[in-house]
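This report describes a single protein model, moving from its backbone geometry to its helix packing and then to its empty spaces. Please read it alongside the coordinates.

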Amino acid sequence: LIRKLGLVEKTKDYNVKNLNKGYLPQLMFSSKVTYQSDVTKIPIDLEAIGLQGVEIPHLSQDQYGITLDLNQTIWDGGSIKSAKNAVKSSYEVERNNIEVNLYSVNERINQIYFGILLADAQIEQNRLLKIFLTNSYEQVESYVKNGIANQSDLDAIKVDIIKAEQNETDFITVKKSYISILSKFTGFDIDFNTEFVKPAFDRPNAGNVDRRPEISLFDAQVMKYRSDYSRLNSGLYPHFSLFVTGGYGKPGLDMFENKFSPYYIAGIKLNWNIGNFYSLKSQRKLIRNNIDMVENQREMFLFNTDIDIAQKEFIIDKYINQMKYDDEIIRLKTSIRKASEAKIANGTISGTDLMQAINDEHAAIQSKITHEIQLLLSIYDFKYVLNDF
């Protein structure tokens, strides 16, 4: 997209340069060789009026000519100027359209980056869980040796250790995938050990969306159609130009000299395409209609963005409210897990019951981690809507 932006600008520059050459003298070379079935003759019978032996010359049926025409525009009614403005306004539309596409990359980067942060947090929490499960396994193993617990209790913990190993593989795969995509998007050399900083919970204030590139695109589209008014008006005026034609041929300008001779013609020329007035009214209505369509698209964008802003704010509030309960839920789940550890030491519950308490505590911690990342992502989604990075 960035390369395309540069190519579009070059195209604009080339087109403007070409249009500027319309002010330069225009040269055209032409030549022709013709044979006519008949030529113009003076219809007078000289013998009938007593002129014997007198012959009026006439043109040959084969004729030849080469010409060099030079035209210099004096006034074109503003056609070249309006054409240049049209090229520039078209460039602005293309440039802003590319900017809109570039801006949409931010949303994808948000998804990728916070996906990495979530995978990082899950890997770390899973690592702590594995340590905790290993310690629990060693503890229950001692209970089995002392006859307090059964082998099935030990197997229940072993199953969860294997599940933790399996989950670690999934989390690492997800992180590697996101890192690979982020490397391609940014062009940076990012590896698995790169540190990804968790941004602060900086909630932006809701405001207008004037900074969104779509607004500039709509403005550019309106300006493009308004430049069409200038092009339309320039076609209503006559065009004046100077011209010089130099030639050499048979015949020359003297039709009674049937021989090769040089000649030239110079003068001033007026061209006026009156037919442009026929469709003027409908063309203006068409331009006005196109502008109205752009304004309609602007209104739709603003309306949908207002809805999007409201939704994003509700989502942020939802995660903030959920996080108010996460710490208390974790505290209670931890208390239940510790009680279960005491019970298995006394032989009053099975290893399966203990693992249920451990998994519940782990799920509560994972839920808090997920809510934190989802809150950050929703904040940056909100920043994206407002273009407030």
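## A cis proline between two strands

Pro 251 sits in the loop that links β3 (239-250) to β4 (261-271). In this predicted model, the peptide bond running from Lys 250 to Pro 251 is cis, with an omega near 0°. Most peptide bonds are trans, and most residues other than glycine have a negative phi.

## Positive phi angles after two helices

Two further backbone positions can be described by their phi angles. Gly 147, just after α2, takes a positive phi of about 80°. Asn 387 has a positive phi of about 55° although it is not a glycine, and Asn 387 is found in the segment that comes after α6 (351-386).

## Helix α2 and its packing partners

The helix α2 spans residues 79-145, and with its 67 residues it reaches 99 Å from its first C-alpha to its last, which is close to the 99 Å expected at 1.5 Å a residue. How do the directions of α2 and α3 (151-186) relate, given axes that come within 8 Å? The two axes cross at roughly 160°, and since an angle over 145 degrees counts as roughly antiparallel, α2 is roughly antiparallel to α3. Their crossing is left-handed, and the contact of α2 with α3 has 23 nonpolar, seven polar and 10 charged residues.

The helix α2 also packs against α4 (residues 213-234), at an angle of about 165° and with the axes 8 Å apart, so that α2 and α4 are roughly antiparallel to each other. The crossing of α2 and α4 is left-handed. By class, the contact of α2 with α4 has nine nonpolar, 12 polar and five charged residues.

## Packing of α4 on α5

The helix α4 packs in turn with α5 (280-346), where the angle is about 175° and the axes lie 10 Å apart. The helices α4 and α5 are therefore roughly antiparallel to each other, and by class their contact has 12 nonpolar, five polar and eight charged residues.

## The largest pocket

Rolling a probe the size of a water molecule over the atoms shows where empty space is left. About 230 Å³ of space lies in the largest pocket, which is lined by 16 residues, and of these Lys 32, Tyr 64, Gly 65, Pro 251 and Tyr 263 lie nearest its centre. Pro 251, the residue that follows the cis peptide bond from Lys 250, is thus named again in the lining of this pocket.

The elements that give two or more residues to the lining of the largest pocket are β1 (26-35), β2 (62-75) and β3. Which element gives the largest share of the lining of the largest pocket? That share, five residues, comes from β2. By class, the lining of the largest pocket divides into five nonpolar, nine polar and two charged residues.

## The second largest pocket

The second largest pocket holds about 160 Å³ of space, and the residues that line it are Val 105, Asn 106, Ile 109, Asn 110, Phe 185, Thr 186 and Phe 389. The elements that give two or more residues to this lining are α2 and α3, the pair of helices whose axes come within 8 Å, and α2 gives the most, with four residues. In an α-helix there are 3.6 residues a turn, so residues three or four places apart point the same way. By class, the lining of the second largest pocket has four nonpolar, three polar and no charged residues.

## One enclosed cavity

How many cavities of 30 Å³ or more does the structure hold? There is one, and about 40 Å³ of space lies in the largest cavity. Ser 136, Gln 139, Val 140, Tyr 143, Glu 341, Ile 344 and Leu 354 line the largest cavity, with α2 and α5 as the elements that give two or more residues to the lining.

The largest share of the lining of the largest cavity, four residues, comes from α2. By class, this lining has four nonpolar, two polar and one charged residues. The helix α2 is therefore named both in the lining of the largest cavity and in that of the second largest pocket, as well as in the left-handed crossings with α3 and with α4.

How values were computed: Residues are numbered from 1 along each chain as its sequence is written. This is a predicted model: local features need pLDDT of at least 70, side-chain atom pairs count only at pLDDT 80 or more; totals for chains, interfaces and linings use all residues. Side-chain values use heavy atoms; hydrogens and water are left out. On a 1 Å grid over the protein atoms alone, a cavity is a set of points where a 1.4 Å probe fits but cannot get out, and a pocket is an open set with protein on both sides within 12 Å along at least five of seven lines; lining residues have an atom within 4 Å of a point. Grid points are joined across faces, edges and corners, and a volume is the space filled by probe spheres set on the points. Ala, Val, Leu, Ile, Met, Phe, Trp, Tyr, Cys and Pro count as nonpolar, Asp, Glu, Lys and Arg as charged, and the others, Gly among them, as polar. The expected span of a helix is 1.5 Å times one less than its number of residues. Axes are lines fitted to C-alpha atoms, for helices over the stretch in contact, and angles run from 0 to 180 degrees between N-to-C directions. Angles under 35 degrees count as roughly parallel, over 145 as roughly antiparallel, 65 to 115 as roughly perpendicular and the rest as oblique. A crossing is left-handed if the near helix is turned anticlockwise from the far one by less than a right angle, and right-handed if clockwise.
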